[in-house]
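Here's a walk through one protein chain, written for someone who likes to poke at coordinates. Have the viewer open and follow along.

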Amino acid sequence: MGCATASKLFQRLRSLHQLALAHLVYPGATHTRFDHSLGAFHVAGGLAKAIVQSDTEKRLVRLAALLHDVGHGPFSHVTEPILQKHSSPAVLVGRQESKIHEFISAKIILENAELREHLSDRERQNIVGLLDGSFGHSYLHEIVSGPVDADKQDYLLRDSYFTGVKYGIYDQERLKNTLRVYEDNDDLVLAISIDGLHALEQFVLAKYYMTTQVYRHRIRLVTDNMIERAITLGIEEDKIGWLKALYSYDGTDGFVQEYLQWNDERLMNEVLHQKGSQVKDLFDRLHERRLFKCIFDADQNDFPDPSTRSFVFAGSKDFYKPLEVQIAKQFGFDPRHVIAYGVTFNSAIKTESQIPVLHKTKTTLFDDESAFFKSVDQKIREQHFHIYAPVEYKGDEKQKKKKLREFKEAILKFIQTLANPQQALPLA
């Protein structure tokens with residue numbers, strides 16, 4: 001495995017930040033996908049040692065954890081929607097439920113020349129199968145990609161440490177020692193002993209707090225959205241050929257070879273040299289930390305009318321663009337610099353609810369056993385709708401609050417008009 005970590009492919013992960021531009025909020029958050037992949041490898045090894053019987057499967061679990069992130073591109077998850085949007089529809093058929101970096105990872109693992117020197121064809125096929133769930137029993141997949149997988153067990157502790165917060169701390173050793181393999185029909189799945197219930201609750205709370213306080217920190221949301229908007233403008237308005245090519249996965253070896261040459265720093269440097277471009281304008285702001293601000297933050301309670309609430313939170317995002325244009329016109333912004341964004345935490349803990357909990361004489365589900373899970377799950381399902389724009393507040397805090405009220409009143413009316421065009425409300 002040392003040969004795999006020494007490869008150019010794996011060393012590239014040193015140049016991909018784990019949390020994109022979160023270091024603009026948490027200065028210590030400069031750790032990388034390389035660090036995390038080694039950590040996931042270590043955690044997976046501990047889990048495999050505890051519950052996997054076959055030495056061959058133990059090795060596959062460790063290798064799958066080590067290689068699970070090799071398909072990430074610059075800024076990792078932040079730019080994944082762009083990759084999804086501009087990639088060839090033919091390569092996405094049947095893969096809509098997967099994140100696109102996962103099947104780029106699979107292609108790399110199967111075909112990368114360096115990996116082929118150190119891992120057999122069968123090993124690489126089985127690693128991909130273990131990552132996508134098609135190899136072996138389910139618990140093997142769940143160790144590297146499941147509700148309590150090695151990936152999450154590492155990044156919660158690691159991200160907490162490097163951001164300097166305590167939200168992600170949980171008893172990893174206790175959690176590991178109370179995980180079990182449980183026979184479910186003809187399959188074997190990952191379960192937890194009733195003795196580990198509190199360790200699992202602690203893990204779920206760590207995931208919840210890190211999601212709400214770090215991964216969805218208000219400044220992190222702004223920087224993520226600015227990156228996505230900047231690259232989108234670079235492709236669609238600036239017509240930068242190499243940028244579009246970078247985010248247009250077509251399933252070819254040529255794409256992958258070029259893709260692996262890019263990292264966060266190279267992308268940042270290249271776009272900062274695109275004089276007169278939209279993408280440079282926004283990346284200049286990011287580079288100099290002249291960030292957009294959230295001028296509108298609404299939750300479900302701000303939309304008492306059920307049809308409007310459904311329009312905002314459960315319908316299509318097609319209204320985002322006309323809303324951005326209306327806001328820009330009303331307040332004098334460049335419409336390309338007004339960003340509508342729906343914030344939801346639905347995915348933060350929902351997968352843990354169905355983990356089997358093993359008693360001496362019965363088996364239940366975590367959802368039924370945990371005293372607090374339902375209340376946390378309810379809280380985490382709250383949705384918010386944000387608008388970001390390049391506003392600069394003048395005056396004291398009182399003036400800022402007055403301006404925010406002005407934004408909110410106008411934007412609520414715009415949304416009501418878009419949701420119910422037959423009942424258009426004039427602006428005061």
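What follows goes from domains to pockets and then to single residues.

## Two domains and the space between them

First things first: this is a predicted model. The domain assignment splits the chain into domain 1 (2-218) and domain 2 (292-421). Their C-alpha centres sit 28 Å apart. Across the boundary, 21 residues of domain 1 are in contact with 22 residues of domain 2.

So where does the second largest pocket lie? It lies between domain 1 and domain 2, because both of them give residues to its lining. The pocket holds about 710 Å³ of space. Elements giving two or more residues to its lining are α13 (197-215), α14 (218-236), β3 (293-299), α22 (373-380), β7 (383-389) and α23 (397-419). The top contributor is β3, with 5 residues.

If you want to centre your view there, R218, I219, C294, D297 and H386 are the ones nearest the pocket's centre, out of 31 lining residues. As for chemistry, the lining comes out as 15 nonpolar, 5 polar and 11 charged residues.

Strand β3 is also home to F296. F296 counts as buried because its relative accessible area is 1%, and buried means under 20%. Setting aside sequence neighbours within four places, F296 is in contact with F303, F385, H386, I387, K408, I411, L412 and I415. One of these, H386, turned up above among the residues nearest the centre of the second largest pocket. For a sense of scale, take F296 and A65: they are 231 residues apart along the chain, and 40 Å separates their C-alpha atoms.

## A closed cavity

How many cavities of 30 Å³ or more are there? The count comes to 1. The largest cavity has about 60 Å³ of space, and its lining consists of H72, G73, P74, S76, T79, E80, L83, H101, Y247 and Y259. By type, that lining is 4 nonpolar, 5 polar and 1 charged.

Two of those lining residues are worth keeping in mind, S76 and H101, since each comes back below.

## Buried residues in loops

Loops can hide residues too, so here's a handful from this chain, with their relative accessible areas.

| Residue | Loop | Relative accessible area |
|---|---|---|
| S7 | between α1 (2-5) and α2 | 5% |
| A20 | between α2 (8-11) and α3 (33-51) | 3% |
| D69 | between α4 and α5 | 3% |
| S76 | between α4 (55-67) and α5 (80-86) | 6% |
| Y249 | between α15 (241-246) and α16 (253-259) | 3% |

Each has its own little story. Start with the backbone oddities: which sign does phi take at A20? It's positive, near 50°, in a residue other than glycine. S76 does likewise, with a positive phi of about 50° although it isn't a glycine either. S76 also helps line the largest cavity, and at 6% relative accessibility it counts as buried.

D69 sits in the loop between α4 and α5. Is D69 buried or exposed? It's buried, because a relative accessibility of 3% falls under the 20% cut-off. Its side chain makes a polar contact with the side chain of H68 at 3.3 Å. Beyond its neighbours within four places in sequence, D69 is in contact with L13, R33, H36, S37, H101 and S105. H101 is also in the lining of the largest cavity.

Over in the loop between α1 and α2, S7 makes a side-chain-to-backbone link: the S7 side chain reaches the backbone nitrogen of F10 at 3.2 Å. S7 is buried too, at 5% relative accessibility.

Finally, there's Y249, in the loop between α15 and α16. Leaving out neighbours within four places in sequence, its contacts are L83, S87, S88, V91, I100, F103, I104, K107, F255 and V256. Among them, L83 also lines the largest cavity. With a relative accessible area of 3%, Y249 is buried. Y249 and L200, by contrast, are 49 residues apart in sequence, and their C-alpha atoms are 38 Å apart in space.

How values were computed: Residues numbered from 1 in each chain as written. Predicted model: local features only at pLDDT ≥ 70, side-chain atom pairs only at ≥ 80, totals over all residues. Heavy atoms only, no water. Helix = DSSP H or I, 4+ residues; strand = E, 2+ residues; numbered from the N terminus. Buried < 20%, exposed > 50% of the residue type's maximum accessible area, 1.4 Å probe, protein only. Polar contact = N/O pair within 3.5 Å; in protein donor to acceptor, adjacent residues only side chain to side chain. Contact = heavy atoms within 4.5 Å. 1 Å grid on protein atoms, 1.4 Å probe; cavity = no way out; pocket = protein on both sides within 12 Å on 5 of 7 lines; lining within 4 Å. Points joined across faces, edges and corners; volume = space filled by probe spheres on them. Nonpolar A, V, L, I, M, F, W, Y, C, P; charged D, E, K, R; others polar. Domains from an automatic or database assignment.
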